[in-house]
Amino acid sequence: MNTRFAREHLGGQLCTTVEYPTHSFASQTIIVTGSNTGMGLEAARHFVRLDAAKVILAVRSVEKGQKAAADIVNSTGRKGVVEVWELDLARFDSVKAFAQRALALERLDVLVANAGIFMFDWSEAEGSEATVTVNVVSHMLLVMLVLPKMRETAERVGSAGRIVFCGSFTHWMTKFPERKEENILEGLDDKGKARMRDRYYVSKLIQLLVGRELAAELEKSTKPGRIAASVSNPGFCKTEIMRHGSALFELYMKFMRKSLARTAEEGGRTLVLPASADETSNGQYYDSGKIGMPSDWVLSEEGMQTQKKLWGELTARLEKIHPGVMQNL
Ligand SMILES: NC(=O)c1ccc[n+]([C@@H]2O[C@H](COP(=O)([O-])OP(=O)(O)OC[C@H]3O[C@@H](n4cnc5c(N)ncnc54)[C@H](OP(=O)(O)O)[C@@H]3O)[C@@H](O)[C@H]2O)c1
């Protein structure tokens with residue numbers, strides 16, 4: 001095992017308590033995807049506690065979202081702050097409708113791209129493998145569609161907008177053989193060749209690479225309204241992310257969660273802290289709430305070339321889904 005991975009992730013998991021967020025989000029409007037449960041719910045609860053003016057729970061089940069909203073009101077005592085909006089990242093028409101609604105907001109300061117799935121078997125969404133669609137493609141589509149509102153807000157309030165992607169230490173855990181495909185994203189859509197046992201890890205690695213490239217593009221942009229995009233690894237947390245695993249796997253995870261995992265509340269903090277960091281957070285990889293380092297491969301020459309290649313493939317795909325969307329950059 002790579003010694004840096006062992007020291008920073010396994011060691012950090014056992015020895016580090018994530019800082020409790022205290023920064024005020026007063027007046028801000030914040031969207032958290034996948035916030036009916038797990039870390040998204042806990043991050044949303046923190047934002048409400050920290051005085052945000054509006055926190056939008058972007059959820060695929062409005063019923064579950066309303067239960068989560070009631071729970072947040074109950075625990076924080078703040079009414080009239082939480083809204084529940086439908087967003088199904090497995091459907092591009094849902095992402096587009098959600099973004100259209102977001103463009104009508106008075107302001108949008110923070111987008112936390114938290115929702116995610118961990119699939120063990122092949123399944124499809126929008127004609128592609130579902131993990132890649134939900135964890136990577138739809139989230140970047142959402143980001144690109146709401147970027148004009150975030151820029152407009154940032155320019156008006158004089159403070160950078162923040163995009164936080166929920167990454168994962170599991171980006172270390174794949175050798176990513178698909179990187180050798182002529183077109184990586186198309187290769188991942190080949191059911192015959194799919195290696196589902198590490199597809200989630202691959203999705204988190206790709207999300208990290210395209211998140212870093214988005215940050216580089218934002219840095220170059222001369223458009224008014226600054227935006228800082230970062231990727232945050234919450235560490236291993238007690239949530240429902242592995243709900244699609246087998247009964248045997250669940251038994252193993254039960255043991256692992258008991259001995260190693262953080263609470264969802266502590267994991268939620270890791271999504272809130274980068275949203276309150278200054279503009280230099282653009283392009284950073286956060287690890288347990290602090291600036292950290294992605295894997296050696298991500299930082300290697302090959303990793304950087306793959307990052308650019310994937311960005312080209314992803315933006316081409318986004319243009320097909322919504323022609324002209326990349327002009328928002
Ligand atoms: N738990 C960990 O140890 C760990 C470690 C590193 C990173 N992460 C990441 O943390 C993030 C949050 O996951 P979690 O651990 O809190 O797991 P979770 O409890 O399973 O929460 C996942 C959230 O994503 C939502 N979601 C799934 N598919 C969606 C879709 N098509 N459209 C919209 N929302 C969808 C879920 O909604 P439903 O409830 O309706 O399905 C749920 O709200 C994920 O990105 C995950 O990869 C987790």
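These exercises walk through a predicted model, each with a worked solution.

**Exercise 1. The ligand and its shell**

Task: Find which residues come nearest to the ligand, and which polar atoms lie by its oxygen and nitrogen atoms.

Solution.
Step 1. Start with the shell. There are 29 residues around the ligand. Asn36, Arg60, Asn114, Tyr200 and Thr239 come nearest.
Step 2. Sort the shell by residue type. It divides into 13 nonpolar, ten polar and six charged residues.
Step 3. Look at the ligand's oxygen atoms. One oxygen atom is 2.5 Å from a side-chain N or O atom of Arg60. An oxygen atom also lies 2.9 Å from a backbone N or O atom of Met39.
Step 4. Turn to nitrogen. A nitrogen atom of the ligand is 3.5 Å from a polar backbone atom of Ala90.
Step 5. Check the cover. Alone, the ligand exposes 890 Å², and the protein buries 98% of that.
Step 6. Name the elements. Helix H2 (38-49) and helix H7 (199-220) each give two or more residues to the shell.

**Exercise 2. Helix H11**

Task: Compare the span of helix H11 with the expected value, then find what covers its buried residues.

Solution.
Step 1. Count and span. H11 covers residues 301-321, which makes 21 residues. From first C-alpha to last it reaches 30 Å. That is close to the 30 Å expected at 1.5 Å a residue.
Step 2. List the buried residues. Among them are Trp311, Leu314, Leu318 and Ile321. Glu313 and Arg317 are also on the buried list.
Step 3. Find the cover. It includes helix H4 (92-103), strand E6 (128-129) and helix H5 (130-157). Helix H6 (184-188), H7 and helix H10 (296-299) are part of it too.

**Exercise 3. Leu142 in helix H5**

Task: Decide whether Leu142 is buried or exposed, and list its contacts beyond its sequence neighbours.

Solution.
Step 1. Place the residue. Leu142 lies in helix H5.
Step 2. Read its accessibility. The relative accessible area is 1%, so Leu142 is buried.
Step 3. Set aside neighbours within four places in sequence. Leu142 is then in contact with Thr33, Leu87, Val95, Phe98, Ala99 and Leu111.
Step 4. Add a distance. Ala97 is 45 residues away along the chain, and its C-alpha is 9.9 Å from that of Leu142.

**Exercise 4. Helix H9 and Thr270**

Task: Work out how many residues of H9 are buried, then examine Thr270.

Solution.
Step 1. Take the whole helix. H9 is mostly covered, with eight of its nine residues buried. Ala264, Glu266 and Arg269 are among the buried ones.
Step 2. Find the cover. It includes H2, strand E4 (110-113), strand E7 (161-166) and strand E8 (227-233).
Step 3. Focus on Thr270. This residue lies in H9, which runs over residues 264-272. Its relative accessibility is 0%, so Thr270 counts as buried.
Step 4. Follow the side chain of Thr270. It reaches the backbone oxygen of Gly267 at 2.5 Å.
Step 5. Look past the sequence neighbours within four places. Thr270 is in contact with Val18, Ser232, Asn233, Pro234, Ser288 and Gly289.

**Exercise 5. Two positive phi angles**

Task: Find where Asp51 and Ser288 lie, and decide for each whether it is buried or partly exposed.

Solution.
Step 1. Begin with Asp51. Its phi is positive, about 75 degrees, although it is not a glycine. Asp51 is in the loop between H2 and strand E2 (54-59). At 41% relative accessibility, Asp51 counts as partly exposed.
Step 2. Move to Ser288. Its phi is near 55 degrees, positive in a residue other than glycine. Ser288 is in the loop between strand E9 (285-287) and strand E10 (290-292). The relative accessible area is 11%, so Ser288 is buried.

**Exercise 6. Lys193 and Asp93**

Task: Find the side-chain partner of Lys193, then place Asp93.

Solution.
Step 1. Lys193 is in the loop between H6 and H7. Its relative accessible area is 48%, so Lys193 is partly exposed.
Step 2. Its side chain makes a polar contact of 3.0 Å with the side chain of Glu181.
Step 3. Asp93 is in helix H4. Asp93 is partly exposed, with a relative accessible area of 48%.
Step 4. Glu126 is 33 residues from Asp93 in sequence, and the two are 9.9 Å apart, C-alpha to C-alpha.

Technical notes: Residues numbered from 1 in each chain as written. Predicted model: local features only at pLDDT ≥ 70, side-chain atom pairs only at ≥ 80, totals over all residues. Heavy atoms only, no water. Near = heavy atom within 4 Å. Polar contact = N/O pair within 3.5 Å; in protein donor to acceptor, adjacent residues only side chain to side chain. Areas by Shrake-Rupley, 256 points an atom, 1.4 Å probe, with all protein chains shown as cover. Helix = DSSP H or I, 4+ residues; strand = E, 2+ residues; numbered from the N terminus. Nonpolar A, V, L, I, M, F, W, Y, C, P; charged D, E, K, R; others polar. Expected span 1.5 Å × (residues − 1). Buried < 20%, exposed > 50% of the residue type's maximum accessible area, 1.4 Å probe, protein only. Contact = heavy atoms within 4.5 Å.
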